Every structure is written in C-alpha cells, then in structure tokens.
Amino acid sequence: MSHIRTETKDRIARIELDRADKKNAITAEMYQAMADALAAAEADPQVRVVLFHGKPDCFTAGNDLKDFLQKPPSGGDSPVFQFLRGLSTAAKPIIAAVAGPAVGIGTTMLLHCDFVYASPSARFQMPFVSLGLVPEAASSLLLPMVAGYQRAAELLLLGKPFTAEKAFAAGIVTEIVPDADLIAHALAAAAGIAALPPSSVRMTKALMKTRYAPTVVEAMGSEGEKFRAQLASAEAKEAMTAFFEKRKPDFSQF
Ligand code: COA
C-alpha cells in the first residue's frame, strides 16, 4: 500500500497523494512510489505533462514525522532524494494543484513545478527551523530567488503557516483558483500544455532551468548534509516528540 495513486490519460500523468487519515504525510515508501511514477512519466512517450495533487482538503502534511524519528533518510540515494532529483530534473512540465495544508516538502516541492494552482483553503508552511531542521529541496536557494531575501527569510526562519494570497505574492503560486474548480482548472492547463508542440515545450523548460541546475544540485547536497545532521540532534527530537505528545516544544535547554 504506497498511498500514491497514479493514472495516465489524455497525455497527462496524474500523481495523487492518498493518505487522508495522516493528512497525506509522506513516508519513504510514498517518496519511492512518487519517484518511480515520475520516472515512468518521463520515460512514457504518451505522457506530455505531469499533475501532482492531494485530497480536496489536504495537499500534504510533509514528511512523515515518525519516519524522521525512526528511519531518517540516509543519503543521496534515499527515496526522498530520488524524488527530489526526479522533480528538479524533469524534462516534462509539472503542474501542482494545492488545497488545504502544504507543509514542509509540500511547499518546497512547488518551487520545482512549472505551474502551481492553489485554492483559498491552501495553507503553506516551511517549519524546518521550528522542527530543529534546515530547509531542503534547494528551497534555501530557490525561495530567495523567487520571493526575494526578506520574504524568504520570514517564511523559512519563522516557519509560520501562510495563505494562498501570500504564496502568490511570494511567487510560489501561479494562480489562485476556487476550491471547487481546482482540479478541473489544473487539468485544463495540463491539456493546454499537452496540445502544444512537445519538443518546443521541453526545450523552453530546459532553457529556463538548465542554467541554474548545477547550483540546485549543490544546494540540495549542502542542505542534505546539514538536514541529516540536525535530524539526529536533540533539538529535532524534542520538536518531533512534542508534536506527537500534542504539546509545545521546549528549546530552553539548548
Ligand atoms: N507525520 C506523521 N503524522 C502526521 C503528520 C506528519 N507530518 N501530520 C499529521 N499527522 C497525523 C497526526 O499525528 C494525526 O494522527 P492521529 O489521528 O493518529 O493522531 C493525523 O495525522 C491528523 O493530524 P492532525 O494534526 O490532527 O490534523 P490537523 O488538521 O489538526 O492539522 C496539520 C493538520 C498538517 C496542520 C498538522 O497535522 C501538522 O502540523 N502536521 C505536522 C506537519 C509537519 O511538521 N511536517 C513536517 C514538515 S518538515
């Protein structure tokens, strides 16, 4: 049971997060399934565009915090890194449709997508610092690039939830779409892309992305090292244990 549903139809590969009882929190198995689905979509000549979405009331609560405590990612070949590598190097356009919580990687993965549609119910958050961690998915590079340093600093250092309007103003979201129309709107955009000359689409995406690709790889590598070190820290243990004990973390002893 990977909790990831995939469907390919009309040249669109849909990848759906489907773990509603845990707010679509992403386990190592789910990262692996998403990495595999992305690789399959890239390899399938029938596919011209990929669409990621969650449930109507939840995109994802981010990395499964139990996994972080019990089986943290070990290195560059771990499922989360396979997924992020696939996402950041995909040749085909990627669309995301976001409703409800989009926490941690639920926000940072959007920085690699080509179009991001969000409904007014979307609540973005990058609580890495408050979890005793550091940013991932090259967000420490890409967020200041799209949002400007001061906006990125507020979102990454304080890590508070923010609205679709704020995400739009920060350049993370392409367009805000009513909840009821979100998936239909994203599918229509995907159909529009799928109808365009495919080589021209891919070359245009590559022209925009390849210039920064080495810097993105470097950022993911240096973030990953610090992230893994912090995962083993007492700060992170306190933050994550507090989440499951439904209490406020206490960082006063550090
Ligand atoms: N990892 C593991 N389990 C998670 C989870 C996560 N990231 N996020 C939510 N869950 C679980 C909860 O433990 C709860 O399980 P239970 O029913 O067995 O107690 C269930 O999902 C529902 O979560 P709950 O917190 O009650 O939902 P909510 O609607 O009140 O809040 C969120 C939703 C997303 C705002 C909140 O769950 C949250 O902040 N999650 C943690 C996000 C996070 O820190 N992610 C890591 C980023 S690096």
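**Ligand shell and pockets**

By residue class, the shell around the ligand is made up of 9 nonpolar, 2 polar and 5 charged residues. The model is a predicted one, and the arrangement described here is that of the predicted coordinates. Of the 16 residues around the ligand, those that come nearest are Lys-22, Lys-23, Ala-61, Asn-63 and Leu-65.

Polar contacts to the ligand involve both side-chain and backbone atoms of the protein. A polar side-chain atom of Lys-23 is placed 3.3 Å from an oxygen atom of the ligand, whereas Ala-61 contributes a polar backbone atom that lies 2.8 Å from a ligand nitrogen atom. Asn-63 likewise approaches through its backbone, with an N or O atom 3.0 Å from a nitrogen atom of the ligand. Taken alone, the ligand exposes 880 Å², of which the protein buries 67%.

The space that the ligand takes is the largest pocket of the model. Among the secondary-structure elements, strand 5 and helix 11 are those that give two or more residues to the shell around the ligand. The volume of the largest pocket is about 1,000 Å³; 41 residues line this pocket, and the closest to its centre are Ala-61, Asn-63, Leu-65, Leu-131 and Phe-243. Ala-61, Asn-63 and Leu-65 thus appear both among the residues that come nearest to the ligand and among those closest to the centre of the largest pocket. At least two lining residues are supplied by each of helix 2 (65–70), helix 3 (79–89), strand 5 (101–103), helix 10 (213–231) and helix 11 (234–244). In terms of class, the lining of the largest pocket divides into 23 nonpolar, 7 polar and 11 charged residues.

The second largest pocket holds about 810 Å³ of space. It is lined by 34 residues, of which Ser-88, Leu-111, His-112, Lys-209 and Val-216 are the closest to its centre. Two or more residues of this lining are given by each of helix 3, helix 5 (139–147), helix 9 (198–209) and helix 10, and helix 10 accounts for the largest share, with 7 residues. Helix 3 and helix 10 are therefore represented in the linings of both pockets, each supplying at least two residues to the largest pocket and two or more to the second largest pocket. The lining of the second largest pocket comprises 19 nonpolar, 9 polar and 6 charged residues.

Definitions and conventions
Residues numbered from 1 in each chain as written. Predicted model: local features only at pLDDT ≥ 70, side-chain atom pairs only at ≥ 80, totals over all residues. Heavy atoms only, no water. 1 Å grid on protein atoms, 1.4 Å probe; cavity = no way out; pocket = protein on both sides within 12 Å on 5 of 7 lines; lining within 4 Å. Points joined across faces, edges and corners; volume = space filled by probe spheres on them. Helix = DSSP H or I, 4+ residues; strand = E, 2+ residues; numbered from the N terminus. Nonpolar A, V, L, I, M, F, W, Y, C, P; charged D, E, K, R; others polar. Near = heavy atom within 4 Å. Polar contact = N/O pair within 3.5 Å; in protein donor to acceptor, adjacent residues only side chain to side chain. Areas by Shrake-Rupley, 256 points an atom, 1.4 Å probe, with all protein chains shown as cover. Sits in = over half its atoms within 2 Å of the grid points.
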